[in-house]
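Here is a friendly walk through a protein chain for anyone meeting it for the first time. Have a look at the sequence and the model, and then read on.

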Amino acid sequence: MFIGYYNKSIILTFIGLFFSIFGINFCLNGDIEIALILMIISGICDCFDGYVASLVKRNDKEKLYGVELDSLVDTVCFGVFPIIVGIALGYNKIYNIIVYCIYLFSGITRLGYFNVDDDNKKCFKGLPITTISFILPFILFVNIICFLFMGKQQLLIFLMGKWLV
């Protein structure tokens, strides 16, 4: 009936993808704040899917399937979704697109590398792509607070843009 292997960790991965797709929809409709909340929820789902996977009894094929599926979902949730947030915020100049490409290429490369590198399964090197689900909303929410209480419109976004370029 269905292709693939399904268990609690895979369902949690799909729930995270579900929140990201809804977040992309909200983002494209101009509801950035709701999109960022959904990004955080997606990040929380991703944080726990590995833990849930360790509790579930799986054979080698199911483990490999879970690893690959998680990487594909991470590409959408934490690679494509943050880029759409940036574009929705108006950061769509050519240099922004170049930064987005470098970010996505780097994230995909890291995900692919750790999927095939058996020597480093116990430890991680570098910054996981998932961390964007907490860093980006934090920066943007602080920006909103700065605007509401200090009248400094887009101060942190401006600084972040200058840092990235």
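A residue is called buried when its relative accessible area is under 20%, and exposed when that value is over 50%, with partly exposed in between. By that rule, buried residues make up 36% of the 165 residues in the protein chain. Please keep in mind that this is a predicted model.

**The overall plan**

The secondary structure comes to 6 helices and 0 strands, and from the N terminus on the elements run α-α-α-α-α-α. Of the contacts with a separation of 6 or more, 71% are accounted for by residues 24 or more positions apart.

**The pair H1 and H2**

Helix H1 covers residues 8-28 and helix H2 covers 32-55, with Asp-31 in the loop between them. How do H1 and H2 pack? Their angle is about 170 degrees, and their axes are 8 Å apart. Angles over 145 degrees count as roughly antiparallel, and H1 and H2 are therefore roughly antiparallel to each other. From H1, the residues in this contact include Leu-12, Thr-13, Phe-19 and Phe-26, while H2 brings residues including Leu-38, Ile-41, Phe-48 and Asp-49.

Thr-13, in helix H1, deserves a closer look. Is Thr-13 buried or exposed? With a relative accessible area of 7%, Thr-13 is buried. Leaving aside residues up to four places away in sequence, Thr-13 touches Asp-49, Asp-70 and Val-73.

Asn-25 also sits in helix H1, but Asn-25 is partly exposed, with a relative accessible area of 41%. The loop residue Asp-31 is partly exposed as well, at 32%.

**Helix H3**

Helix H3 takes in residues 60-88, 29 residues that should span 42 Å at 1.5 Å a residue; the C-alpha atoms at its ends are 41 Å apart, which agrees. At the start of H3, a side-chain oxygen of Asn-59 comes to within 3.1 Å of the backbone nitrogen of Lys-61. Further along, H3 bends by about 30 degrees at Val-80, and the proline Pro-82 follows within four residues. After H3 comes Gly-90, whose phi is positive, near 100 degrees.

**The pair H3 and H4**

Helix H4 spans residues 94-116, and it packs with H3 at an angle of about 170 degrees, the axes being 10 Å apart. That makes H3 roughly antiparallel to H4. Among the residues that meet here are Val-67, Ser-71, Phe-78 and Val-80 in H3, and Tyr-100, Leu-104, Ile-108 and Leu-111 in H4. Val-80, the site of the bend in H3, is thus named again in this contact.

Leu-111 belongs to helix H4. Its relative accessibility is 13%, and Leu-111 counts as buried because the limit is under 20%. Which residues does Leu-111 touch, not counting residues up to four places away in sequence? They are Ser-71, Asp-74, Thr-75 and Ile-129.

**Apart in sequence, together in space**

Here are three pairs, with their separation along the chain and the distance between their C-alpha atoms.

| Pair | Apart in sequence | C-alpha to C-alpha |
|---|---|---|
| Asp-31 and Ala-88 | 57 residues | 9.5 Å |
| Asn-25 and Ile-84 | 59 residues | 9.8 Å |
| Leu-111 and Val-67 | 44 residues | 9.8 Å |

Two of these pairs start from residues met earlier: Asp-31 in the loop between H1 and H2, and Asn-25 in H1.

Conventions: Residues numbered from 1 in each chain as written. Predicted model: local features only at pLDDT ≥ 70, side-chain atom pairs only at ≥ 80, totals over all residues. Heavy atoms only, no water. Helix = DSSP H or I, 4+ residues; strand = E, 2+ residues; numbered from the N terminus. Buried < 20%, exposed > 50% of the residue type's maximum accessible area, 1.4 Å probe, protein only. Expected span 1.5 Å × (residues − 1). Bend = angle between axes of the 7 residues up to and from the residue. Polar contact = N/O pair within 3.5 Å; in protein donor to acceptor, adjacent residues only side chain to side chain. Axes fitted to C-alpha atoms, helices over the stretch in contact; angles between N-to-C directions. Parallel < 35°, antiparallel > 145°, perpendicular 65-115°, else oblique. Contact = heavy atoms within 4.5 Å.
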